[in-house]
Amino acid sequence: MRHKGRQKHTLMTVNGRIRVRRTRWQPVEGGSVTPIDPWLQETCETFTRGVIELACRLNRHQSGFQELAITLARAAGLKIGKETLRGLIEAEGRGALQQVRQGELRPGWQASDCRTKTGPTRVYFGCDGVKVPVITEAEKKARRTKVVEKRKRLRSQGRALAPLPSLSRGADGVYKEFRLVQYYSEDQKRRWISVSRGDHEAVGRLMKRDASRIRLEEADASIGIYDGSVWIDRQTEKQGLNLTGRGLDFWHLRDYAQNTRRALYGEEDEAGKQWLDTLMHTFKHEGYEAAWEQLTGLRATLRSPRKKKALDGLLHYMAERSHLINYPEFRANGWQIGSGPTEAQCGTTTDRIKGKGRRWNLDNALAVMTLEALAQSHEWTSYWNLN
């Protein structure tokens with residue numbers, strides 16, 4: 001091959017920026033080859049995988065990309081602009097999401113690994129929605145106007161600027177609901193969390209996909225425990241999850257009953273508090289039928305239409321979820337009756353997303369949440385070793 005001289009290349013590593021000169025060669029058939037490029041990981045452009053992982057790791061606990069840039073500079077001596085960091089991290093999240101969708105990245109465990117202290121294997125399933133702050137169409141247009149004005153000033157100073165990318169569409173509201181699907185063991189040492197901004201049907205397919213990947217059918221018991229959202233329960237049936245048991249989160253039921261207590265007795269009435277404690281004890285230890293009789297008996301004594309309406313709301317809520325209110329059975333089998341692990345993940349996976357002044361494009365929010373979901377699934381190291 002013909003020697004084509006040396007070409008300069010700059011690469012940011014975890015040990016700082018390095019500058020190298022690479023020899024280029026021209027084969028007989030034309031084109032050019034730079035043999036050292038694969039070793040330099042030029043596919044990462046000017047950043048090594050170590051730098052990108054470090055940025056993604058630190059980003060999980062920052063309030064913004066400007067703060068991340070300062071942390072990187074102080075902790076590792078790496079000077080990278082906030083917009084560059086934003087692009088690196090969001091691109092990494094989109095890549096990770098694509099690998100999960102294609103099955104290249106899977107849970108490192110299966111249902112048969114989720115053994116309880118007493119011996120049988122048990123897997124829990126949870127699903128919930130969470131609101132995420134997003135950029136509206138109006139906000140996007142306002143931001144673009146500011147950028148255009150700034151670029152005009154820079155051009156007047158003789159600065160050469162690349163063309164602006166086309167303006168993507170914003171959301172029609174300041175918050176959009178994202179949804180989370182989780183499978184986990186009794187001790188939560190094994191977890192697999194997926195996030196989506198799709199509709200109920202899309203999330204239902206996600207439930208089925210992840211159930212297949214962990215071989216949910218091989219567990220001795222598979223328990224669904226989730227809040228009162230009817231669509232979740234319908235999707236478990238539609239997608240054929242064949243759960244051993246399905247339950248309504250005990251604390252969501254208590255919260256609904258709490259609102260009924262306030263309507264019947266007022267905020268601070270001690271009799272009302274005693275009524276609520278007795279009702280929840282009945283739910284937990286005697287079950288749905290006993291609680292229903294207790295409530296219908298109370299209704300017969302009420303004279304106020306307003307109070308009757310409030311109690312009817314609780315009765316309707318119960319009736320629609322009667323097959324999920326089976327706490328005595330759950331307790332007898334040693335199954336959990338609360339969806340706390342799923343509720344906690346809704347907060348954890350969106351911790352970086354939420355906060356004062358934060359607004360996201362839908363796809364970028366999903367990308368950042370995907371990286372956090374990998375960390376919470378205990379698959380962070382596996383992901384970076386794979387890539």
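**Salt bridges, core and helices of the predicted model**

Arginine 254 counts as partly exposed, because its relative accessibility is 23% and residues are called buried only under 20% and exposed only over 50%. The structure examined here is a predicted model. Arginine 254 is engaged in a salt bridge with aspartate 277, in which the closest N and O atoms are 3.4 Å apart. This pair connects distant parts of the chain, since arginine 254 belongs to helix α8 (residues 250-265) and aspartate 277 to helix α9 (residues 270-285), with their positions 23 residues apart in sequence. Aspartate 277 is likewise classed as partly exposed, on account of a relative accessibility of 42%. In general, side chains of opposite charge can pair when their charged atoms come close.

In total, the structure holds 22 salt bridges. Another of these joins the side chains of aspartate 312 and arginine 299, with an N to O distance of 2.6 Å. Here too, distant parts of the chain are linked: aspartate 312 lies in helix α11 (residues 305-320), arginine 299 in helix α10 (residues 288-299), and the two are 13 residues apart. Both partners are partly exposed, aspartate 312 because its relative accessibility is 29% and arginine 299 because its value is 30%.

A further salt bridge is formed by arginine 321 and glutamate 320, whose closest N and O atoms are 3.4 Å apart. The two partners fall into separate accessibility classes: arginine 321 is buried, with a relative accessible area of 9%, whereas glutamate 320 is partly exposed, with 38%. Elsewhere, Asp233, Glu237 and Arg246 are joined into one network by salt bridges that share partners.

The largest nonpolar core comprises 93 residues, of which Phe125, Tyr183, Met207 and Phe283 touch the most other members. Helix α14 (residues 362-376) contributes the largest share of this core, namely eight residues. When neighbours within four places in sequence are set aside, the contacts of methionine 207 include Phe125, Tyr183, Val181, Trp231 and Leu241. Cys127, Ile232, Gln235 and Thr236 are also among the residues in contact with methionine 207.

Helix α4 (residues 82-102) contains 21 residues, and the distance from its first C-alpha to its last is 30 Å, close to the 30 Å expected at 1.5 Å a residue. Its buried residues include Leu85, Leu88, Ile89, Leu97 and Val100, together with the charged-type residues Glu90 and Glu92. The elements that cover the buried residues of α4 include α2 (49-59), α3 (65-76), β5 (191-196), α6, α14 and α15 (380-386). Directly after α4, glycine 103 adopts a positive phi of about 85°.

Arginine 209, in helix α6 (residues 200-213), is in contact with Val100, Arg101 and Ser194, leaving aside its neighbours within four places in sequence. With serine 194, arginine 209 makes a polar contact from side chain to side chain at 3.3 Å.

Helix α5 (residues 137-156) has 20 residues, which should span 28 Å at 1.5 Å a residue; its end C-alpha atoms are 29 Å apart, in agreement with that expectation. Lys140, Arg151 and Leu154 are buried in α5. Viewed down the axis of the helix, these buried residues fall within an arc of 55°, and therefore line one face of α5. The face turned away from the buried side carries the exposed residues Ala138, Lys146, Lys152 and Ser156. Just after α5, glycine 158 has a positive phi of about 90°. Proline 163 is located in the loop between α5 and β4 (175-185) and counts as exposed because its relative accessibility is 73%. Between proline 163 and glycine 287 there are 66 Å in space, C-alpha to C-alpha, and the two are 124 residues apart in sequence.

Most residues other than glycine have a negative phi. Positive values occur nonetheless at arginine 215, with phi near 55°, and at histidine 378, with phi near 60°. Arginine 215 is placed in the loop between α6 and β6 (221-226), and histidine 378 in the loop between α14 and α15. Arginine 215 is partly exposed because its relative accessibility is 39%, and histidine 378 is partly exposed because its value is 43%.

Technical notes. Residues are numbered from 1 along each chain as its sequence is written. This is a predicted model: local features need pLDDT of at least 70, side-chain atom pairs count only at pLDDT 80 or more; totals for chains, interfaces and linings use all residues. Side-chain values use heavy atoms; hydrogens and water are left out. Helices (H or I, at least four residues) and strands (E, at least two) are DSSP runs, numbered from the N terminus. The expected span of a helix is 1.5 Å times one less than its number of residues. Buried means under 20% relative accessible area, exposed over 50%, partly exposed in between (1.4 Å probe, protein chains only). The arc is that of the directions from the helix axis to the C-beta atoms. A polar contact is a pair of N or O atoms within 3.5 Å; within protein, one must be able to donate a hydrogen and the other to accept it, and residues adjacent in sequence count only if both atoms are side-chain atoms. Contact means heavy atoms within 4.5 Å. A salt bridge is a side-chain nitrogen of Lys or Arg within 4 Å of a carboxyl oxygen of Asp or Glu. A nonpolar core is a set of buried Ala, Val, Leu, Ile, Met, Phe, Trp, Tyr and Cys residues joined through side-chain atoms within 4.5 Å.
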